[in-house]
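Dear colleague,

I am handing over the structure we spoke about, and I would be grateful if you could keep it open while you read the notes that follow it.

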Amino acid sequence: MLELEHGFRVVDVHARLEPDEDRRQREGLGDPERLEREMHQAGVVRSLVFPSARDGNYLPANNAVARMSVGRPFVAVARIDGARDPGDTTAAKLRNLTARRGDHHTSPEDVEQYAYDDRFVGFKLHPARDGLPDEEVLAGLADVGLPTIVHGGRDFPPEAVEATLLEYDFPVVLAHFGGHPLDRELMERSIDMLDHSSSLYLDTSFVRYRDPLERAIMEHPDRVCFGSGSPAAHPNVAVMEVLTLDVPEDAMTKVFSNNPGRVFDALAPAGDG
């Protein structure tokens, strides 16, 4: 794809790396060289990265992603998991009564270790895939206060985010406007939550509808962060989706750079060196 020329400083809060070559969906997809090349094409100067899903302890994959980020315009966030079922069904509630954190699940000690390891600047949580951490781990996230990117969608809707995460004191960046895959109603409900949830932000990855993007940026210009969704989406496409919106240029600057840099210090301009 051709390189974009847009004049904005762009940073990305949502990109995935796959440390194990044999786990990549196809050749090159998810490797650091390809991501760095595509970021350059899109004019993205820095990206938050995390590992793809896997079973078992995420510590080796998190450490591998942190190593892959050295010398590249990447900053690692630690992927975490939990033993609780995030569902709101009666069966899920019954399972959670007896759910206990296993040795492979993220512990409060793990959270503290990641937080004080300067290779990691936050956390990534996909409750529908990896489970929901217990209250002790969530309290640990609040203690360290680092931002957590949360995969939102039909299996973990905005109301679940509000009930389980927003009561704690740490920034939550709700990926995909809380509507993955392409659930416009969920996206609109996530935008509504911005009215009363001061610690909530939305990332633009895989938000393909113009109306919710424009509505969120116009109503809450300080609460939307650019996310590419790479490698599943080319960052050129993700950048163009924002560039073609009918919003003021200063609002685009906030989405592309100012807001991510305020939530994640490592994405502020001083971190580009």
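The model is a predicted one, and its eight strands form an open sheet in the order E1-E2-E3-E4-E5-E6-E7-E8, with parallel pairing. Strand E1 (10–17) and E8 are found at the edges, where each has a single partner strand, so one side of each is left without a neighbour in the sheet. Helix H2 (residues 59–69) packs on this sheet and touches E1, E2, strand E3 (74–80) and strand E4 (120–125), while its direction makes about 175 degrees with that of E3. Further along, strand E5 (residues 148–153) runs parallel to E6 and is joined to it by five bridges, and in E6 the bridge partner of Thr 148 is Val 172.

Val 172 also appears in the nonpolar interior. The largest nonpolar core has 59 residues, and those with the most contacts inside it are Phe 123, Leu 165, Val 172, Phe 177, Phe 226 and Phe 256. Apart from it lies another core, of 16 residues, which includes Val 75, Val 77, Val 173 and Tyr 201.

Two residues of the 59-residue core may be worth a look on your screen. Leu 165 sits in the loop between helix H7 (158–164) and E6, yet it counts as buried because its relative accessibility is 1%, against a cut-off of under 20%. Its contacts, leaving aside residues up to four places away in sequence, are Leu 125, Leu 132, Leu 138, Val 150, Phe 156, Ala 160, Phe 170 and Val 172. Phe 256, with the same exclusion of residues up to four places away in sequence, touches Phe 8, Arg 9, Val 10, Val 11, Phe 226, Val 239, Val 242 and Leu 243.

On the polar side, is Ser 47 buried or exposed? Ser 47, which lies in strand E2 (residues 44–51), is buried, with a relative accessible area of 0%. Its side chain makes a polar contact with the side chain of Asp 12, at 3.4 Å, and beyond residues up to four places away in sequence Ser 47 touches Asp 12, Ala 15, Met 39, Pro 73, Phe 74 and Val 75.

Lastly, in helix H9 (residues 210–219) the residues Pro 212, Leu 213, Glu 214, Ala 216 and Ile 217 are buried, and the buried residues of H9 pack against strand E6 (172–180), helix H8 (184–193), strand E8 (224–225) and helix H11 (249–263).

With best wishes

Conventions
Residues are numbered from 1 along each chain as its sequence is written. This is a predicted model: local features need pLDDT of at least 70, side-chain atom pairs count only at pLDDT 80 or more; totals for chains, interfaces and linings use all residues. Side-chain values use heavy atoms; hydrogens and water are left out. Helices (H or I, at least four residues) and strands (E, at least two) are DSSP runs, numbered from the N terminus. Buried means under 20% relative accessible area, exposed over 50%, partly exposed in between (1.4 Å probe, protein chains only). A polar contact is a pair of N or O atoms within 3.5 Å; within protein, one must be able to donate a hydrogen and the other to accept it, and residues adjacent in sequence count only if both atoms are side-chain atoms. Contact means heavy atoms within 4.5 Å. Two strands pair if DSSP finds at least two bridges between them. Axes are lines fitted to C-alpha atoms, for helices over the stretch in contact, and angles run from 0 to 180 degrees between N-to-C directions. A nonpolar core is a set of buried Ala, Val, Leu, Ile, Met, Phe, Trp, Tyr and Cys residues joined through side-chain atoms within 4.5 Å.
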